[in-house]
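Subject: Structure for you to look through

Dear colleague,

I am handing over the structure we spoke about, and I would be grateful if you could look through it alongside the notes below.

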Amino acid sequence: MRYNPVTPQIVEQLMSIVGEANVVLEPEKMEVYGRDETSEAMWQHMPEVVVKPENARQISEIIKLANREIIPVTPRGAGTGLAAGAVPMLGGILLSLERMNKILEVDRENLFMVTEPGVTTGEVQRTARAEGFLYAGDPCSAESSFIGGNVATNAGGNKAVKYGVTGRHIYGLEVVLPNGEIVTLGGKCVKDVTGYDLVHLIVGSEGTLGVVTKVYLKLMPLLPFVADLLVPFDSVEKAIKIVPTIMTHGGIIPTCLEFMDSMSIKAAELYLNQKLPYSDAAAYVIVEIDGNTERQVEEDYETIGKLCLENGGLEVFVADNPSAQDRIWKARKCYAEALRMISPVYCMEDIVVPVSQIPRALEAINGIAEKHRVKIPCVAHAGDGNIHATLLREDRDEHTWHEVKDRVLDEIYREVYALGGALSGEHGIGAKRKGAMARFLHPAQIDMIKSIKKALDPNLILNPDKLVDVL
Ligand SMILES: Cc1cc2nc3c(=O)[nH]c(=O)nc-3n(C[C@H](O)[C@H](O)[C@H](O)COP(=O)(O)OP(=O)(O)OC[C@H]3O[C@@H](n4cnc5c(N)ncnc54)[C@H](O)[C@@H]3O)c2cc1C
């Protein structure tokens, strides 16, 4: 597909749509919009212009203009993505949703919140909590990512073991389609089978099928009692094997079930500049339980703690107040920043396998790391079978790095598919995993994705060069 450049006339039209102050052309101000949290330079590219609309109508006009002129449009939330999904790889218009940052409604009768896409996930969580509700979407990036970005990537996160990923909480969306039409899909009904499930076609579509301009989120009653357990283990094998055991033998669904290996623990300690308990342990397992009564939560964590101690846990630390819980989660959530202190360039993966296969997947990753002499610290949303395996570049030159990285990723993906898994559990495909997805998905599945894209976006203007090569 040949795209046209953004000319001064087009800039003028964009200014008349969103106002001069909301069009950015200065390279130094656009620089931040040319990358996301994927650290490699190959996944960075400058837009030709950045526009900051404030409503769906403006977005509709921008998209109609882009369609007439055949210019790529890349939607962007907070830019915390890890797949170069919001990076304008072909230049064109970068559509930043940052000004659409209002919570529109908390509906206490139906347990819904309606928001614009540019509200941070953390603000959604806090607003729900202040009203006595839980919004259960909880990516580790919650303080910075936007709810619209979470919808577009179908973000996972810590509470997905019990409550499910973002898509589970989304019942309605307002979307600007690639032809500029504004449509509301779904809404506040908790069931609706009137036609195809178009809400969940948009969820996880990474800005390639429409721009999300309003989100209808389901809220849940907030369970008042929460406890977190931190369990150090003296062997990685014992620690990871406890995960399927907890999921099947405890009779309890934990809210969160996380894993950290020793490299990740050491990195967190260095980054936080504070001593962590048993920081020379081979691994940590972190478990969160919530419930309606203190007694029930105590019984549940005693059951899980006992299972851990019988299966190689060294000690069980119980955090039953917010400040102790915060200390545990800081260590888990600082993973990305902590690794950057060891190796500023890295490649973070997020493979997923059925939970019963998580010990085998981790063993395979560690074997591949050893074989290729690459450090691959791992943390995992282990209760979901989702492992973040991060290849560290360290001091390798560019050429060696790409060579070794490609080989290691190919071997990891092969193992994962042999175990019944998939190459991305939550970060998505974006530009970064497009080639890999084409190799590992069935050709008929790739054809379905291409057909949907072509049907909705025949000029291929919305976030082109992501997910699949259509032409
Ligand atoms: C430290 C750290 C921790 C993380 N932890 C998690 C985690 O636990 N779970 C998880 O799933 N991810 C995690 N991520 C990845 C990232 O935060 C998520 O993918 C998040 O959902 C992206 O939101 P964003 O607003 O930053 O979107 P962006 O990065 O701006 O965009 C991501 C994709 O969504 C599209 N998009 C954004 N907004 C819209 C919109 N309104 N309409 C249409 N398309 C849109 C973009 O085009 C792009 O394809 C983490 C990242 C970091 C840096």
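Helix 16 (residues 443–456) contributes 5 residues to the lining of the second largest pocket, the most of any element; helices here are DSSP runs of H or I with at least four residues, strands are runs of E with at least two, and both are numbered from the N terminus. The pocket has a volume of about 960 Å³, and among the 44 residues that line it, Gly204, Ile429, Met437, Ile449 and Leu467 are the closest to its centre. Its lining divides into 25 nonpolar, 12 polar and 7 charged residues, where Ala, Val, Leu, Ile, Met, Phe, Trp, Tyr, Cys and Pro count as nonpolar, Asp, Glu, Lys and Arg as charged, and the others, Gly among them, as polar.

Please keep in mind that this is a predicted model, in which local features need pLDDT of at least 70 and side-chain atom pairs count only at pLDDT 80 or more, while totals for chains, interfaces and linings use all residues. Residues are numbered from 1 along each chain as its sequence is written, and side-chain values use heavy atoms, with hydrogens and water left out.

The search for empty space used a 1 Å grid over the protein atoms alone: a cavity is a set of points where a 1.4 Å probe fits but cannot get out, a pocket is an open set with protein on both sides within 12 Å along at least five of seven lines, and lining residues have an atom within 4 Å of a point. Grid points are joined across faces, edges and corners, and a volume is the space filled by probe spheres set on the points. By this rule there is 1 cavity of 30 Å³ or more. The largest cavity holds about 40 Å³ of space and is lined by Glu37, Thr38, Ser39, Leu82, Tyr346, Cys347, Met348 and Lys432, a set that divides into 4 nonpolar, 2 polar and 2 charged residues.

Turning to the whole protein chain, its secondary structure comes to 16 helices and 19 strands. The radius of gyration, taken over C-alpha atoms, is 22 Å, close to the 23 Å that the globule rule (2.2 Å times the number of residues to the power 0.38) gives for 471 residues, so the chain is as compact as a globular protein of that length.

One open sheet has 5 strands in the order 5-6-10-8-9, with antiparallel pairing, two strands being paired if DSSP finds at least two bridges between them. Strand 5 (103–107) and strand 9 stand at its edges with a single partner strand each, so one side of each is left without a neighbour in the sheet. Within this sheet, strand 8 (residues 170–176) and strand 9 (residues 182–186) run antiparallel and are joined by 5 bridges, with Leu173 opposite Leu185. These two strands form a hairpin with 5 residues between them, and Gly180 in the turn has a positive phi of about 95 degrees. Strand 8 also pairs with strand 10 (residues 211–218) in the antiparallel sense over 6 bridges, and there Gly172 stands opposite Tyr216.

Another open sheet has 4 strands in the order 1-2-4-3, with mixed pairing, and its edge strands are strand 1 (23–24) and strand 3 (73–76), each paired on one side only. Strand 3 and strand 4 (residues 93–96) pair in the parallel sense over 4 bridges, and Arg76 stands opposite Ser96.

With best wishes
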